[in-house]
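Dear colleague,

I am handing over a structure to you below, and after it you will find my notes on its salt bridges. Please read them with the structure open beside you.

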Amino acid sequence: MKFTRKANAEWKGSGKDGQGNLTTGSKVLDKTNYSFHTRFEDGEKGTNPEELIGAAHAGCFAMQLSFLLNESNFTATTLDVDATVAFEDGAITKITLNLVGDVPEIDAEQFQQIAHKAKAVCPVSKVLNTEIELKITLKKSK
């Protein structure tokens with residue numbers, strides 16, 4: 001499978017006092033605000049690059065894990081992934097993926113192995129040049 005995706009960033013003004021907007025080809029983001037304040041402070045409505053990287057990584061990892069589980073004849077009831085992106089001194093220093101999965105019939109060891117493989121082969125994991133930590137919790141369905 002081969003495809004391309006596009007996004008656009010428009011910025012006006014200085015780094016600290018300016019602001020911009022982000023638009024994706026799908027229009028899920030359509031002139032979404034981002035600024036120094038949405039990136040480095042809390043409270044202003046808008047997004048930031050680190051938040052978007054976290055969302056992309058969590059989404060890619062969850063989908064990759066789902067495919068790998070299917071290859072092993074498992075289907076997740078839910079895969080809930082939080083991504084925490086750590087930023088320090090001008091660099092993304094670590095991303096922690098916190099996975100809580102509900103997968104019928106799987107044991108904890110199988111789930112761990114498949115989840116670690118998903119982390120390794122997820123396209124977003126591969127493109128990131130930072131430490132990626134994976135925390136895993138397997139819920140047992142009732």
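With a salt bridge taken as a side-chain nitrogen of Lys or Arg within 4 Å of a carboxyl oxygen of Asp or Glu, the count comes to 3 salt bridges. This is a predicted model, in which local features need pLDDT of at least 70 and side-chain atom pairs count only at pLDDT 80 or more, while totals for chains, interfaces and linings use all residues. Residues are numbered from 1 along each chain as its sequence is written, and side-chain values use heavy atoms, with hydrogens and water left out.

One salt bridge is formed by the side chains of arginine 39 and glutamate 50, at 2.5 Å from N to O. This pair links distant parts of the chain, since arginine 39 lies in helix α1 (residues 36–40) and glutamate 50 in helix α2 (residues 49–71), 11 residues apart; helices (H or I, at least four residues) and strands (E, at least two) are DSSP runs, numbered from the N terminus. Glutamate 50 has 10% relative accessibility and therefore counts as buried, where buried means under 20% relative accessible area, exposed over 50%, and partly exposed in between (1.4 Å probe, protein chains only). Arginine 39, at 34%, counts as partly exposed.

Lysine 94 forms a salt bridge with glutamate 133, their closest N and O atoms being 2.9 Å apart, and this pair joins strand β5 to strand β6 across 39 residues. Lysine 94 also forms a salt bridge with glutamate 131, at 3.9 Å between the closest N and O atoms. Through shared partners, Lys94, Glu131 and Glu133 are joined into one network.

Best wishes
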